[in-house]
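Some questions about this model ask what stands behind a label. Each answer sets a value against its cut-off.

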Amino acid sequence: MNRLSPRAERSGLTRRASVFVIVLTGLWLAGSVSGPAMAGSDTGSDASAPALYARHCAACHGPGRLGAQGPALIPESLRRLRRKAALQVIARGRMQTQMPGYAGKLSRAEIAALVDYIYTPLPRVPEWGLAEIRASHKVMRPDLVEGDASTVRPVYAADPLNLFLVVEAGDHHVTVLDGDRLEPITRFKSRFALHGGPKYTSDGRFVYLASRDGWITKYDMYRLAKVAEVRAGINTRNAAVSSDNRFVLVGNYLPHTLVLLDARDLSPVTVIPVRAAGGESSRVSAVYNAPPRRSFIVALKDMPEIWELSYAPTPRKGSGQGRGRPRPPLPLRRIRLDTRLDDFFFDQDYAHLIGASRSGKAEVIDLGSGKVVARLPLEGMPHLGSGITWTPKRGPYAGRRILATPHLGRAAVSFIDMDRWTTIKTLKTLGPGFFMRSHEQSPYAWVDVFFGPDRDAMHVIDKETLEIVRTLRPAPGKTAAHVEFDRYGRRALVSIWDRQGAIVVYDARSLVEIKRLPMVKPSGKYNVFNKITLSEGTSH
Ligand code: DHE
């Protein structure tokens, strides 16, 4: 789903908002509007921003601003935090974290200087190679490094395949939820700002969580314990795990690298610089596992190429018999494009990749030949990363293979015929949506209205008629987003994205609310069974 930030999508609004923020910040600094009480002032001899940073911030955020116990404080990591919010965080602290407020210690001008400082780019791209990655690597439970689901029993009675992981973005925790009883089993602290879907091993025993600051955590879903951690990048996009459970591949914005980890203990195997044939480097938009191809697919942000790294067994040298396990470096295939594509969707057998570009193009690439086989009329920023597929058995579209995608820049859902690569229908919604979900056993597809005044609405679409049959408002006034089904498709879980948020559980057929579990800004939730069986109603 790698596109401009959702805020930037509404560029007109963003510009107006920025002006407002600047004016508000100016007024606040001048003391004309009420802000937090600012009693203090730093008493150190050097009041420059770097000195203030060294005295007050470096212990937690690292002397080089690359993060330590606290997150990295560099522009690349702060894109999602407005300056006004940064001022507030420094002044008041951040609830439910260890970030204290500095209003009593620093003056307004000092806090403003610190904000300027952390939004200033670093003088040079920091080094984050094998040495740094190795130094960050920690194995907490060496006894849990090896093994699969057959070697140990879960420490709880619930069905381990009907668990959900719920990422609670509000206070950086993860809840393990029993999908049958709809009760939390445990809750643990995660790294700061997890992003993207957690990735399970093929048996669902282990899961890998990636944070925007580059931390990858391996967690044992059976023993409910963190196994290992490593910092694979400074600013990371996401991670993918190979279907043979041997590798985790991490894609980074900063530095421009791919990092291959040993999936057992997360030790780094190799760091792959991301460079075009001409030498220029690129950020990685995202990495994906393509199970039937036994490969990783890599979306690149700054160059018109797609990379494929194969981990397929190779014929053993000399013997002509048997197939050896792949050894790094994994062979790299470059698929050259005429435009940069960075938001991807794959069909179920990973024969085709559908990619969207920032310029509004959407192309279908045959992954076998590497050729563009179709161009799609999908203006308005389709959010392909959130696309889903199904084939209606009855009704006007019976037998047609459908790809449905919301749009980040348009109040619509598009339905594409995947055999002809044509638009079947464009359905008007109450606003642009972010996430779309369904399940093989459900007659409905759910799409949120992530942006605009109706962000508390959730549309339920009939998969045969492609019409909205119900619009739910689980928590009026609060954003409702991201649905995930239980393994049977019987229940649909909706997140209320609020600090006083919740997971609202619906009966997926009657659309009646069954239960409400309070959570702290739950963002995504991920059902083990649906993920490891590659359900076509969810992301993989
Ligand atoms: Fe995401 C998944 C990229 C902003 C919440 N997001 C992904 C993935 C990518 C991506 C590539 C797939 C990774 C995976 O699962 O392995 N996201 C981007 C962006 O480029 C974008 C637009 C801007 C950015 O700052 O990165 C962006 N994403 C957001 C948000 O603002 C969201 C709403 C809040 C947040 O936590 O940052 C957000 N993204 C999510 C979630 C998923 C995700 C919850 C997992 C979806 C799933 O069900 O698999």
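Q: Why is strand β2 called largely enclosed by the rest of the structure?
A: Because 6 of the 6 residues of β2 (residues 163-168) are buried. Buried means under 20% relative accessible area, exposed means over 50%, and partly exposed lies in between, with a 1.4 Å probe and protein chains only. This is a predicted model, so local features need pLDDT of at least 70 and side-chain atom pairs count only at pLDDT 80 or more, while totals for chains, interfaces and linings use all residues. Residues are numbered from 1 along each chain as its sequence is written, and side-chain values use heavy atoms, with hydrogens and water left out.

Q: Which residues of β2 point each way?
A: L163, L165 and V167 point one way. F164, V166 and E168 point the other way. All are buried.

Q: What makes β2 a strand, and with which strands does β2 pair?
A: Strands are DSSP runs of E with at least two residues, helices are runs of H or I with at least four, and both are numbered from the N terminus. Two strands pair if DSSP finds at least two bridges between them. β2 and β3 (residues 173-178) have 6 bridges, in the antiparallel sense. β2 and β35 (residues 522-527) have 4 bridges, also antiparallel. Both counts therefore satisfy the definition. In β3, T175 stands opposite V166. In β35, Y526 stands opposite L165.

Q: What lies between β2 and β3 in their hairpin?
A: There are 4 residues between them. H172 in the turn has a positive phi of about 55°.

Q: How do you know that β33 and β34 are paired?
A: β33 (residues 501-507) and β34 (residues 513-519) share 6 bridges, and the sense is antiparallel. The rule asks for at least two bridges, so they pair. M519 in β34 is the bridge partner of G501. The two strands form a hairpin with 5 residues between them. L511 in that turn has a positive phi of about 65°.

Q: What makes β1 and β5 edge strands?
A: They belong to an open sheet of 5 strands, in the order β1-β8-β7-β6-β5, with antiparallel pairing. β1 (138-139) and β5 (199-200) each pair on one side only. Within this sheet, 6 bridges join β7 (residues 215-220) to β8 (residues 225-231). K218 stands opposite A228 in β8.

Q: Why is N252 called buried?
A: N252 has a relative accessible area of 0%, so it falls under the limit for buried. N252 sits in strand β10 (residues 247-254).

Q: What makes the pairing of N252 with T257 a polar contact?
A: A polar contact is a pair of N or O atoms within 3.5 Å; within protein, one must be able to donate a hydrogen and the other to accept it, and residues adjacent in sequence count only if both atoms are side-chain atoms. The side chains of N252 and T257 make such a contact at 3.0 Å. The backbone oxygen of A232 lies 3.1 Å from a polar atom of the N252 side chain. Leaving aside neighbours within four places in sequence, N252 is in contact (heavy atoms within 4.5 Å) with residues including G233, R237, V259 and R283.

Q: Why is K301 buried although it lies in a loop?
A: The label rests on accessibility: K301 has a relative accessible area of 5%, so it counts as buried. The loop runs between β14 (295-300) and β15 (305-310). The side chains of K301 and D342 are joined by a polar contact of 3.3 Å.

Q: Why does A47 count as partly exposed?
A: Because its relative accessibility is 48%, which falls in the partly exposed range. A47 lies in the loop between α2 (11-29) and α3 (49-56). Not counting residues up to four places away in sequence, A47 touches L52 and R55.

Q: Which residues of helix α6 are buried?
A: In α6 (residues 83-92), they are A86, L87, V89, I90 and A91. G93 follows α6, and its phi is positive, near 85°.
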